[in-house]
Amino acid sequence: MELISQVLVLEPTSQVLGKEPIVPFAILLVVILVIPIMFERLRLPGLVGLVFSGLVLGPSGWNLFQSDSPMINLLSDIGLIYLLFVTGLEIDLEKFRRQKSRALGFASLTFSVPLVMGTLVGLILGYSWNTSILIGSLFTSYTLLAYPIISRLGVVNNEAVTVTIGAKIFTDIGAVLILAVCVGMTHAGGFSFAKLLTLSGWLIIYSVAVVTGFDWAGKEFFKRSGDDEGNKFLFVLLAVFLAAVGAQLIGVEKIVGAFLAGLAVNEAVGEGPVKEKVVFIGSVLFIPIFFVDLGLMINLPAFVNYLDTLKLTLLMIIGLIVSKLIAALLTKLVYRYKWQETLTMWSLSLPQVGTTLAATLVGYRAGLLSLEVLHSVIILMVVTSTLGPLITGKIAVGLNSSPAEEPAPPLPEQNVPETDNTFTIVVPVYNPHTEQHLIEMAALLARQSQGKIIPLAIATATAHMDAPQLEASLQRSEQLLSKATAHSRVLGVPAEPMLRIDDAFAQGISRAAREQKANLIVTGWGKRTGLRARLFGNVIDGVLWASHCPVAVTRLVESPKKIQRILVPVENLTAPTLQPVQFAQMLAEANQSHITVLNVCDRRTSSSKIAWRRSHLSLMVSQLALANTPEIQIIAHENVAQAILQAARLYDLVVLPFIRNRTSPGGLAISDVTTQLARQLTCSIVMLGEPQRTQTNIINSNTVTSIKSPV
């Protein structure tokens, strides 16, 4: 009541909110939840919406928040550290190794040309050499905001794209090191050769200590922690903040330590649940608050009234776009890339978000960069983060993938291991209401491949093996296995029931499947109903992360024996995306069903390109040598999800690829078509997930590739 009274008597809102820190925090959570969704509906990056919301809520708008608020400062600093840490953690070392020499070549060009251009812009406008070089370094790095687009188009393995992704490691490291030197010189009282040598020496020693020491410590700790994801998560957070403190001790900005910590634990963390949780916490909370804080710093009247700011903004935008284009053109001359590949590299290297904004804020707080530069960089971020992905989406369509991705995968029967020629399907049983349909689905697949099914029940382990809870769990599991065996016997498929005691369901399923050399796991749908499931994933997430073989996650609204029409939407016109077609074919042959392979292209796609897509997809499907050739359907539509939903009304089953979520280093998740379809489809669904690391073929052990977007 006291708070309401203060508001009603018209005390300054910022003073009232300052007395109750929980109130501004609640407002921030509402902003973080609502604003990105609204801006993404407008086809604008969500992070642009966060900066805009900071502008509206700050001194230039409603004056609800002040950028010097202790709570805002603390959360923003954590977000700043997290942003650079995630940037280091998200660097794809594997893609860098794959094209190391060319990645280094493109990195040197896309780093040096923008550095020179940005430095010239600073000198032309009268800034000092130190400030001008820092402005130039802001042009050098880039954020892969368009990664989900090239992933969806199936061109991630194109050489030019791989080179661009690999080059990011050099541009980020270079930008961070220049920031460290420029700000370090300012803290040291100005430039001198002796000070530069001293700072460089400390920086080299510190960088080597962090990268090698944390890398070794991370691998050792993860090896000894087993499956304790909580301790692994805490170790990663501790590494980040220890590195940040260490950087401050030698007179270097803390974000340098955070970035190096991300590089150091990159390989130790790998691709798995721990990395997903680490990125998730920063992406949904701390990093968005950093972007809101940037908006609070914008002084709108000063920006509008000063002609110099407008001139600086225009020069920075033109300088960045032109310099990145020159770097891409020089790369084309050196490595003889095609025009389409060259322009894709240019568009991918345009967005300036993560490292650029972090370095700008640090330079501004250190007194190296003026408020006008801060304003200009924020506008630069808005323009490039919108323009870059837009150009990528237009240019990268039809880009050729790498030769290794072109051949269609062989048929299942051609790659059955010689040591065991029995096709094995593991079926975890837990819910008695869905058990029958799961067994029927597995039986149809096993009968078609002359294999067997292994009904699997997991009893959760307790401290004492004679505990009443464990005994009750074992009895329930035995009842489920008895019913599953009876169902499979009726269907005429051999079944080998398996009861396992394990610490957790996901681990038990993955381990049992590996022990039994399973070719496929068929499991039921796991909804994210609880808070823990939403934050840390459910059993299905754990199985998909850990499994050595493909996982078919099913939501069956009727008996699989009644399925007659199967729809397989295909986004990427590359061979690995046809794994769902192979799965559908096995089911169709068992039921004598009809398969339709659907591809949705942009509404503005010309008739000639649609014809090319149809012939290309037909050729790829024909290489699978399926017994019954599926129908090929191409639909031009502005909304992929809506097109699939409309087409699915005529089908009994939709087979979707499980595409993992990937957040950009900017920290904001990008929506995924598969997630929307899973929520809105009313027919039966099978979501097919490939192994995270080895990317095993659906029915064999050939290597393929894939990726996703979080929900």
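User: In strand β3 of this predicted model, which residues point to the face where side chains are buried?

Analyst: In a regular strand the side chains alternate between the two faces of the sheet. Strand β3 covers residues 498–502, and its side chains do alternate. Leu 499 and Ile 501 point to one face and are not buried. The residues that point to the other face and are buried are Met 498, Arg 500 and Asp 502.

User: In what sense do β2 and β3 pair, and which residue stands opposite Asp 502?

Analyst: Strand β2 spans residues 452–460 and pairs with β3 over five bridges, in the parallel sense. Asp 502 in β3, one of the buried residues of that strand, has a partner across from it. That residue is Thr 460.

User: What is the handedness of the β-α-β unit that contains β2 and β3?

Analyst: The unit is made of β2, helix α22 and β3, with α22 covering residues 468–490. Its handedness is judged with the strands pointing away from the viewer, and a clockwise path from the first strand over the helix to the second counts as right-handed. The unit is right-handed.

User: How many residues of helix α21 are buried?

Analyst: Helix α21 runs over residues 435–448 and reaches 20 Å from its first C-alpha to its last, close to the 20 Å expected. The helix is mostly covered, and its buried residues include Glu 435, Leu 438, Met 441 and Leu 445. Just after α21, Gln 450 takes a positive phi of about 55°. Of the 14 residues in the helix, the number buried is ten.

User: Which helix gives the most residues to the largest nonpolar core?

Analyst: The largest nonpolar core has 100 residues, of which Tyr 82, Phe 85 and Phe 291 touch the most other members. Beyond its neighbours within four places in sequence, Phe 85 is in contact with Val 236, Val 240 and Phe 259, among others. Apart from this core lies another, of 49 residues, among them Ala 457 and Leu 520. The helix that gives the most to the largest core, with twelve residues, is α5 (residues 70–90).

User: Which element of the protein has the lowest mean pLDDT?

Analyst: The protein averages a pLDDT of 78, and 82% of the residues score at least 70. Over residues 403–419 the pLDDT is below 50, and this stretch has 33 contacts beyond near neighbours in sequence. Among the elements, strand β1 (residues 424–428) has the highest mean, 92. The lowest mean, 38, belongs to helix α24.

Methods: Residues are numbered from 1 along each chain as its sequence is written. This is a predicted model: local features need pLDDT of at least 70, side-chain atom pairs count only at pLDDT 80 or more; totals for chains, interfaces and linings use all residues. Side-chain values use heavy atoms; hydrogens and water are left out. Helices (H or I, at least four residues) and strands (E, at least two) are DSSP runs, numbered from the N terminus. The expected span of a helix is 1.5 Å times one less than its number of residues. Buried means under 20% relative accessible area, exposed over 50%, partly exposed in between (1.4 Å probe, protein chains only). pLDDT is the predictor's confidence in each residue, from 0 to 100. Contact means heavy atoms within 4.5 Å. Two strands pair if DSSP finds at least two bridges between them. A nonpolar core is a set of buried Ala, Val, Leu, Ile, Met, Phe, Trp, Tyr and Cys residues joined through side-chain atoms within 4.5 Å.
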